[in-house]
Amino acid sequence: MRTYAIRTFGCQMNKHDSERMAGLLEAEGLVAADVLEDADVIVFNTCCVRETADERLIGQVSSLKALKTGGRPDVVIAVGGCVGQRDGTALLRQLPHVDVVFGTHNIEELPALVAAAAEGRRAVSVLDGTDRFASDLPSVRERRWHAWVPITVGCDNHCAYCIVPAVRGPERSRVFEDIIAEVERLVADGVVEVTLLGQNVNSYGRDRYGAPRFAELLRCVASTGIARVRFATSHPKDLSDETICALAETPALMPYLHLPVQHGSDRILEAMNRGYTRSAYLERITRLRAALPDIALSTDIIVGFPGETDADFEQTLSLVAVVGFDHAFTFIYSPREGTPAARLSETVARPVAQERFDRLATLVRDLSLASNERQVGQVHTVLIEGPSRRDVGTLSGRTPHNRLVHIPLGDDGVAPPAGGLRRVRVVHAHPWFLTGEFTEGEV
Ligand code: SAH
Ligand code: SF4
Ligand code: F3S
C-alpha cells in the first residue's frame, strides 16, 4: 500500500488545506504513514510570512536528500502552499530533490501531479487565482470533533509588511448558504467545534453581497446546533458593533477574540497601512469589554518595523499593558520581497529589535501568567482534546476562553473521550497553560 505524509507550516488556513490534501490522497488509495521518512509521498504545505518559515522548509527538504540518494529514489517530494505559490518553477532549481510544486489555488491537482512525478516527470502547476473553494474537496480531519471552515480566502488589505495578499490573492467570500450547509453536515458528522477561517473574517460578504454579513453568519452558524464556534482572524478596522452584539448574545460563540494590533504607535500603524489608530483600537476593546466583561483577548505584534524608534516601541509596550492581553503572539519584523515595507530604508538593527522583542516577551509572559492566575478556583466547561503531548497520563482541553488546561487522570486511568465536554476546576496556573481536575456538574 502506498503511503503519504504531510508536514504543515504556517497558519490555520494551511492546516485546513492540509486536511484537504490528505482527503485527496486517501481518495486515490494512499494511507497515512506513521513516520514522515517512511512515506512514499511527502508533501510540504508551506508558509512564507516570515523568513524563518522559508528557511525551515529548505532545511527539512534538504534533510530528505539522503532518502532519495540512499536507496529510495521513488519517493515523491511535493511542495505546495504559499512558497509553492510564490516561487513556482524556481523551486525545482533551488531544491533539486523536489518532484512536484503546486500553489494555494490548485490543491485539487495534487493527485495528478503526484502521479506524473511517480512516472518520472517533475511537475509544476501554479495558478494566478481560482473561483473554487477547497471545501468542496474530500477531507481527512486531524481531529474528528473539530473542523476548519473557510468563509473567505485571500486578503484585500495590503498591510505594508505582508506577503499574504500576494500568495493568497484578493479576498473572496463563500456563498452564505454553502457555509451553513457545510456546518450542518459537520454537526451531523459529530463535529462539536468549528473554526471559521479568513484573513479578515469581519469583512466576510463584502465582495459578494456588497456589505459585510459576518455578524449574521455567526448567528446562523451558531443556530445549526454546533456546540462551539471560533473564528480567525479579526481585523480591528472591520470589527463591527453588530459582531460584538452577536458575540455577547450567542452562547455557542466562544468568549475569546484574537484581534491583531501589530503596533502601539500611530506613526507605525500608518506606515504599516493598518487603517486604524491606537485610540480607535482601544475604543474597540472598550466596546468589547462593555458587552462581554470577561472576554479573553489575544493579539499579534510586530517589533522592529522600519523606522520604529524607542519612543514608538514604548507605545507598543504601553498599549499591551493598558489592554492587558490574555495572550500575544510576537514577531520580529521580517522583510518580504515584493511588499512595500521591504523597500523602506530606515531598518532597525537586529540587536535593537531583539532587545525590544525580549522586553515585550517578558511583559506578555507576565500578563499571561496573571490572566491564568485569575482562573484558579474557577470551574469551566472544557472541550477534551485528547492525551497531552507531554504525558499520556494527562488529558488536554480548552476552556471557552481558549485557555489550555491539562488534567491528570485519576487512579482508575479512565479518560473521557476526545471531543467530550467536561466540567473542570482550575487548580494551578502557569504562563502558557492551566492544570485542573474533573468535577461534577452539568456542562
Ligand atoms: N490575516 C491575519 C494574519 C496574517 S499573518 C491578520 O491580519 O492578522 C499572521 C501574523 O504574522 C500577522 O498578524 C503579523 O503579526 C505577522 N506578520 C505578517 N507579516 C510579517 C512580517 N513580514 N514580519 C513579521 N511578522 C509578520
Ligand atoms: Fe496580511 Fe494585513 Fe491581510 Fe492580515 S490583513 S493577511 S496582515 S495584509
Ligand atoms: Fe503563511 Fe500563507 Fe498562512 S504565508 S501565514 S501559510 S496564508
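In the predicted model, strands 13 and 14 run parallel to each other and are joined by 6 bridges. Within this pairing, Val-303 faces Ile-332 of strand 14. On the other pairing, strand 12 meets strand 13 (residues 296-303) in the parallel sense through 3 bridges. Here Tyr-256 lies opposite Ala-296 of strand 13, and Leu-257 lies opposite Leu-297 of strand 13. Together these elements form an open sheet of 3 strands in the order 12-13-14, with parallel pairing. Strand 12 (256-258) and strand 14 (327-332) are the edge strands, each paired on one side only. The average turn between neighbouring strands of this sheet is 10°, direction ignored.

Strand 13 is mostly covered, with 8 of its 8 residues buried. Burial extends to both faces of the strand. One side carries Ala-296, Ser-298, Asp-300 and Ile-302, and the other carries Leu-297, Thr-299, Ile-301 and Val-303. The buried residues thus include Ala-296 and Leu-297, which stand opposite Tyr-256 and Leu-257, respectively.

Gly-307 is located in the loop that connects strand 13 with helix 14. Its relative accessibility is 9%, and Gly-307 therefore counts as buried, the cut-off being under 20%. Apart from neighbours within four places in sequence, the contacts of Gly-307 are with Arg-267, Ile-268, Asp-312, Glu-346 and Val-348. Between Gly-307 and Phe-357 the separation is 50 residues in sequence and 15 Å in space, taken from C-alpha to C-alpha.

Beyond this loop, helix 14 (residues 310-323) packs with helix 15 (residues 350-373) at an angle of about 10°, and the two axes are 10 Å apart. Because angles under 35 degrees count as roughly parallel, helix 14 and helix 15 are assigned to that class. Helix 14 contributes Asp-310, Phe-313, Glu-314, Thr-316, Leu-317, Val-320 and Ala-321 to the contact. From helix 15, the contributing residues are Arg-356, Arg-359, Leu-360, Leu-363 and Leu-367. By class, the residues of this contact comprise 7 nonpolar, 1 polar and 4 charged.

A further open sheet contains 6 strands in the order 2-1-3-4-5-6, again with parallel pairing. Its edges are occupied by strand 2 (31-32) and strand 6; each has a single partner strand, so one side of each lacks a neighbour in the sheet. Within the sheet, strand 3 and strand 4 run parallel and are joined by 5 bridges. Asn-45 is positioned opposite Gly-80 of strand 4.

Two helices lie across strands of this sheet. Helix 1 crosses strand 1 (3-8), strand 2, strand 3 and strand 5, and runs at about 170° to strand 1. Helix 6 lies across strand 3, strand 4, strand 5 and strand 6, with an angle of about 160° to strand 5. The buried residues of helix 6 (residues 110-118) are Leu-110, Pro-111, Leu-113, Val-114, Ala-116 and Ala-117. Among the elements covering these residues are helix 1 (12-27), strand 3 (41-46), strand 4 (76-80), strand 5 (100-102) and strand 6 (123-125). After helix 6 comes Gly-120, which has a positive phi near 95°.

The surroundings of two ligands were also examined. Ligand 3 is surrounded by Gly-10, Cys-11, Asn-14, Thr-46, Cys-47, Cys-48, Val-49, Cys-82, Arg-168 and Gln-199. This shell is made up of 5 nonpolar, 4 polar and 1 charged residues. Around ligand 2 are Cys-155, Asn-157, His-158, Cys-159, Tyr-161, Cys-162, Val-164, Pro-165, Gln-199, His-235 and Arg-274. The shell of ligand 2 divides into 6 nonpolar, 4 polar and 1 charged residues. Gln-199 appears both in the shell of ligand 3 and in that of ligand 2.

How values were computed. Residues are numbered from 1 along each chain as its sequence is written. Chains are lettered from A and ligands numbered from 1 in the order in which they are written. This is a predicted model: local features need pLDDT of at least 70, side-chain atom pairs count only at pLDDT 80 or more; totals for chains, interfaces and linings use all residues. Side-chain values use heavy atoms; hydrogens and water are left out. Axes are lines fitted to C-alpha atoms, for helices over the stretch in contact, and angles run from 0 to 180 degrees between N-to-C directions. Helices (H or I, at least four residues) and strands (E, at least two) are DSSP runs, numbered from the N terminus. Angles under 35 degrees count as roughly parallel, over 145 as roughly antiparallel, 65 to 115 as roughly perpendicular and the rest as oblique. Contact means heavy atoms within 4.5 Å. Ala, Val, Leu, Ile, Met, Phe, Trp, Tyr, Cys and Pro count as nonpolar, Asp, Glu, Lys and Arg as charged, and the others, Gly among them, as polar. Two strands pair if DSSP finds at least two bridges between them. A residue is near a molecule or strand if one of its heavy atoms lies within 4 Å of it. Buried means under 20% relative accessible area, exposed over 50%, partly exposed in between (1.4 Å probe, protein chains only).
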